[in-house]
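Open the model in your viewer and get ready to make a few selections. We will walk through it one stop at a time.

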Amino acid sequence: MPPFGFLHMRAWASLFGQLLRSPRAVCIREVHFHSQFAEAVLTSHLKPQQEKTNFIIKTPKGTRDLSPQQMVVREKILDMVVGCFKRHGAKRLDTPAFELKEMLTEKYGEDSGLIYDLKDQGGELLSLRYDLTVPFARYLAMNKVKKMKRYHVGKVWRRESPTIVQGRYREFCQCDFDIAGQFDPMIPDAECLKIMCEILSGLQLGDFIIKISWKDVRHEMVAKKGLAPEVADRIGDYVQCHGGISLIEQMFQDPRLSQNKQALDGLGDLKLLFEYLTLFGIAEKISFDLSLARGLDYYTGVIYEAVLLQTPAQTQESFNVGSVAAGGRYDKLVGMFDPKGHKVPCVGLSIGVERIFSIVEQRMKTFGQKIRTTETQVFVATPQKNFLHERLKLIAELWDAGIKAELLYKNNPKLLTQLHYCEDMGIPLVVIIGEQEMKEGIIKLRSVASREEVAIKRENLVAEIQKRLSES
């Protein structure tokens, strides 16, 4: 039986009215009972509405809505990033927003406690994806893919304390580029660093530096116990240093360090990497830094992180976004999913688009920049009444020609209102049709910026608009 609703309330009210009109033989107690019941039903329906007055409308903690203005900026950033990925030959991949919980556990070290677990659905324990790297490794193992250059743009979720002012959220977007496969040493790694430089330079966020380290070198030289005191002291000196190929050469020459084979092999690969970075013309943007450490457990080799050298001009001093891109090599992650443990070496990067977006948004607020929220190219207007049909025919012609066009949803809008709308929305062109234009077989084409008008033959209108748009 359906719950009591408005129709049920009306039925009880009707019954109560009949009782009031019934013969005097009706027992007064029965009338009293029904009146109390009807009152209870009415009260039960009114109570939830009264309680709603205390309801706070908000987004969940660590999330946010993005306005049309913000989405315009966001799309431009993403288009630029994805354009770079495509320029380097990457294919697009997508994976589910949630994975089997067992696929994500023990992949992130201490950060595993930040994974969002979902309730049991259909007998499967699920979790929201924490990043895009582990799902990519699962995809490679599941489909037995040995080589792939892919990019992935999608949302991830982390159950951490959000810091909105620093661009940290519980739900956020990641933009990843990865190269999977067995290749000659350091060539894919160098390309990843080149991509990172191209994107950060193209976004014009200010000067930046990319710090790189070698996880195995760091482990052997810093974390591993049992080193002789004099070697440990020497390592401490190098941890404080940062530089380019000259620093690596200096470490090669140090006999107390070069005796460690694993560290020596790592330094050799770093030297080769810097040779490739020099050929790519980005060596001056790279700094070898043994103090660098990435938190995720799946990294196995070179790791890197890009940071802005200074806060962008005109932003608040407290605005600090940290790293704006990061990545590294993870050669063992795919093997963790493969039943036979077959490994697929991988290296990749992730662009911190949320942090970048925060920088750009803050900058636009500072300079008071106005953003167009639509891409409308032409507005169809009329100065007279009863021209809705003609406007509809005209705008359909523009749409069919691939021209982005709008009109006001009114039968008889005022011309001044229509022109003001074009100025407010930044629409560059207006086509005007009225009685005189109909008689002469023309359309007036108006430039919103200069307010100049020219008469165009109706049959030539689309060609003229396309010509102007191509020149702008």
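Start with strand E10 (323–329): E10 gives the most to the lining of the largest pocket, with 6 residues. Keep in mind as you look around that this is a predicted model.

Next, add strand E5 (171–180), strand E11 (346–351) and H13 to your selection; like E10, each supplies at least two residues of that lining. The largest pocket has a volume of about 750 Å³. To find the middle of the largest pocket, show Arg-158, Phe-172, Gln-174, Arg-294 and Arg-355 as sticks, since these lie nearest its centre among the 36 lining residues. Colour the lining by class and you should find 15 nonpolar, 10 polar and 11 charged residues.

Now keep helix H13 (residues 353–367) and select helix H3 (residues 68–87) as well. Their axes come within 10 Å and cross at roughly 130°, so the two helices are oblique to each other. The crossing is right-handed. On the H3 side, pick Gln-70, Val-73, Arg-74, Ile-77 and Leu-78; their partners on H13 include Ile-356, Phe-357, Val-360 and Met-364. By class, this contact has 8 nonpolar, 1 polar and 3 charged residues.

Stay with these helices for the last stop: H3 and H13 each supply at least two residues to the lining of the second largest pocket, and H3 gives the most, with 6. This pocket holds about 380 Å³ of space. Centre your view on Val-72, Val-73, Lys-76, Ile-371 and Arg-372, the closest to its centre of the 15 lining residues. That lining divides into 7 nonpolar, 2 polar and 6 charged residues.

Notes. Residues are numbered from 1 along each chain as its sequence is written. This is a predicted model: local features need pLDDT of at least 70, side-chain atom pairs count only at pLDDT 80 or more; totals for chains, interfaces and linings use all residues. Side-chain values use heavy atoms; hydrogens and water are left out. Axes are lines fitted to C-alpha atoms, for helices over the stretch in contact, and angles run from 0 to 180 degrees between N-to-C directions. Helices (H or I, at least four residues) and strands (E, at least two) are DSSP runs, numbered from the N terminus. Angles under 35 degrees count as roughly parallel, over 145 as roughly antiparallel, 65 to 115 as roughly perpendicular and the rest as oblique. A crossing is left-handed if the near helix is turned anticlockwise from the far one by less than a right angle, and right-handed if clockwise. Contact means heavy atoms within 4.5 Å. Ala, Val, Leu, Ile, Met, Phe, Trp, Tyr, Cys and Pro count as nonpolar, Asp, Glu, Lys and Arg as charged, and the others, Gly among them, as polar. On a 1 Å grid over the protein atoms alone, a cavity is a set of points where a 1.4 Å probe fits but cannot get out, and a pocket is an open set with protein on both sides within 12 Å along at least five of seven lines; lining residues have an atom within 4 Å of a point. Grid points are joined across faces, edges and corners, and a volume is the space filled by probe spheres set on the points.
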